[in-house]
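Grab your viewer and work through the exercises below. Each one has a task and then a solution in steps.

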Amino acid sequence: MRAFFADRVRLPDSWAGNVRIEVDGDGTIAAVQPGGAPDGAVRLSGPVVPGMANLHSHAFQRAMAGLAERGAVSGDSFWSWRRTMYDFVAKLTPEDVEAISAHLYVEMLKGGYTGVAEFHYLHNAPDGKPYADAAAMSRAVVAGARNAGIALTHLPVLYMTGGLDQRPLTSGQRRFQGTPAGMFELLQALEAEQGPELRLGLALHSLRAVPARPMREAVAEMARRDPAAPIHIHVAEQLKEVEECLSHLGARPVEFLLGEVEVDRRWCLVHATHMTDAEAVRVAESGAIAGLCPTTEANLGDGLFRWESFRRARGRFGVGSDSHVSLDAREELRLLHYGQRLISGRRAYDLPGRTQHLGARLWLDAAEGGAQALGRATGRIEAGCRADWLVLDADHPALMEREGDLLLDALIFVNAGGSPITHSFIGGRCVIDHGRHAREEEISRRYRQTLRRLLA
Ligand code: ZN
């Protein structure tokens, strides 16, 4: 048992002072005692808040961030971005993916994320055939996460068809191809590695890539193997997807999904941008998490999520960095709310009812929603949860002389340069110490070598 002591800790319902936190040998919080004694405890240097879960990542895309920003009068789009991504994918080896992942995850840790759900669809060798070890790419991601020390929920992605008309995959997509049986073999191969910092689940790439029948079968099989395993899917990201879905399936994407499978708390609907109010209410009532990726959605011109009707129905959400044009959890939440303010002409709308500190509400709800999507007990500093938290710098210009939830409001809505997050703990281990990661030079050197080869 280890003990920590902090002057101020954001507990699930309020801030508490002089808090002693006991953590067991496994990295789980055993007790939280406000007004406790500091004897023998590790002193945390500033206010403590729960770490954020990053619920949507495609690790390799970090290496191509910023490479698809050349425009033309006709306009670039999601679909032309996707072509750039396919060209990039063709060159990647498992060693590259490990180097990119490790670097990405260190950056995530510095940006306030303590766990990540990796929506992993790069399975096969460049010729489209499985590697001799079919799990080679998955193992590269797992190794990257271990090297960085971030908690990982690994979600191998089922990707079968090239469109809603079930056309075959293009050459650019053959590295993604798999069958439900292949995905379960892959999960089986990784099973022995599971532990408090590695959770396994399943992802369905999208309705474009997984026809209804294999989708239902894969979901049933996943539930049989692990009834609580997270299930993620990209859905209703683009208007073109909604139009194709209506013409091929006779329903909107979210409407179709809700009709085909029982969507519940295990599910994370990534983007879910283009919903009607009725769909938003149904998703909220299902208990599923809306996986919002505001910086990527803005970068790709996806659209704005139907926040007001979703939140009125008490919908739960979390955030993800997706294509990794930003690795700052604060920026995702700020942009999420700014998008809603710009479109509504109002400032502070969230849950109906009481006046609240929006920064605090967004941070705490996204941390809990993200934890649900990752299938991990995080997002709350209380007994039974993992000891995953952040320590803030109370002397940072953004936070100076702020108390209580004004600290979290400032954390999200005030950008004073630099990061006010000084330390990051995962399972009670300090992985970011005074803004530094113990292995960052070595991880950075490998990342640079990888980029040099990929961009040559
Ligand atoms: Zn994605």
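Buried means under 20% relative accessible area, exposed means over 50%, and partly exposed is in between (1.4 Å probe, protein chains only). This is a predicted model, where local features need pLDDT of at least 70, side-chain atom pairs count only at pLDDT 80 or more, and totals for chains, interfaces and linings use all residues. Residues are numbered from 1 along each chain as its sequence is written, and side-chain values use heavy atoms, with hydrogens and water left out.

**Exercise 1.** Work out whether Leu 155 is buried or exposed, and list its contacts outside the local sequence.

Step 1: place the residue. Leu 155 sits in strand S8; helices (H or I, at least four residues) and strands (E, at least two) are DSSP runs, numbered from the N terminus.

Step 2: check the area. Leu 155 has a relative accessible area of 0%, so it is buried.

Step 3: look for neighbours, with contact meaning heavy atoms within 4.5 Å. Skip those within four places in sequence, and Leu 155 touches Ala 117, Glu 118, Phe 119, His 120, Gly 201, Leu 202, Ala 203, Pro 230 and His 232.

Step 4: try a longer distance. Pro 211 is 56 residues from Leu 155 along the chain, and their C-alpha atoms are 19 Å apart.

**Exercise 2.** Find out which residues of H5 are buried and how they are arranged around the helix axis.

Step 1: get the dimensions. Helix H5 covers residues 212-225, which is 14 residues, and spans 20 Å from first C-alpha to last, close to the 20 Å expected at 1.5 Å a residue. That expected span is 1.5 Å times one less than the number of residues.

Step 2: list the buried set of H5: Pro 214, Met 215, Ala 218, Val 219, Glu 221 and Met 222.

Step 3: look down the axis. The buried residues of H5 fall within an arc of 165°, so they line one face of the helix; the arc is that of the directions from the helix axis to the C-beta atoms. As background, an α-helix has 3.6 residues a turn, so residues three or four places apart point the same way.

Step 4: flip to the face turned away from the buried side, and you meet the exposed Arg 213 and Arg 224.

Step 5: see what covers the buried residues of H5. The cover includes strand S8 (151-158), helix H4 (180-190) and helix H7 (253-260).

**Exercise 3.** Trace the salt-bridge network that includes Asp 26.

Step 1: set the rule. A salt bridge is a side-chain nitrogen of Lys or Arg within 4 Å of a carboxyl oxygen of Asp or Glu. The count by this rule is 35.

Step 2: take Asp 26 and Arg 386, whose side chains form a salt bridge at 3.6 Å, N to O. Asp 26 lies in the loop between strands S2 (15-23) and S3 (29-33) and Arg 386 in the loop between helix H12 (358-374) and strand S15 (389-392), so the pair ties together parts 360 residues apart in sequence. Asp 26 is partly exposed at 43%, while Arg 386 is buried at 8%.

Step 3: take Glu 197 and Arg 429, with closest N and O atoms 3.0 Å apart in their salt bridge. Glu 197 is in the loop between H4 and strand S9 (198-200) and Arg 429 in strand S17 (residues 429-432), 232 residues apart.

Step 4: join them up. Asp 26, Glu 197, Arg 386 and Arg 429 are linked in a network of salt bridges.
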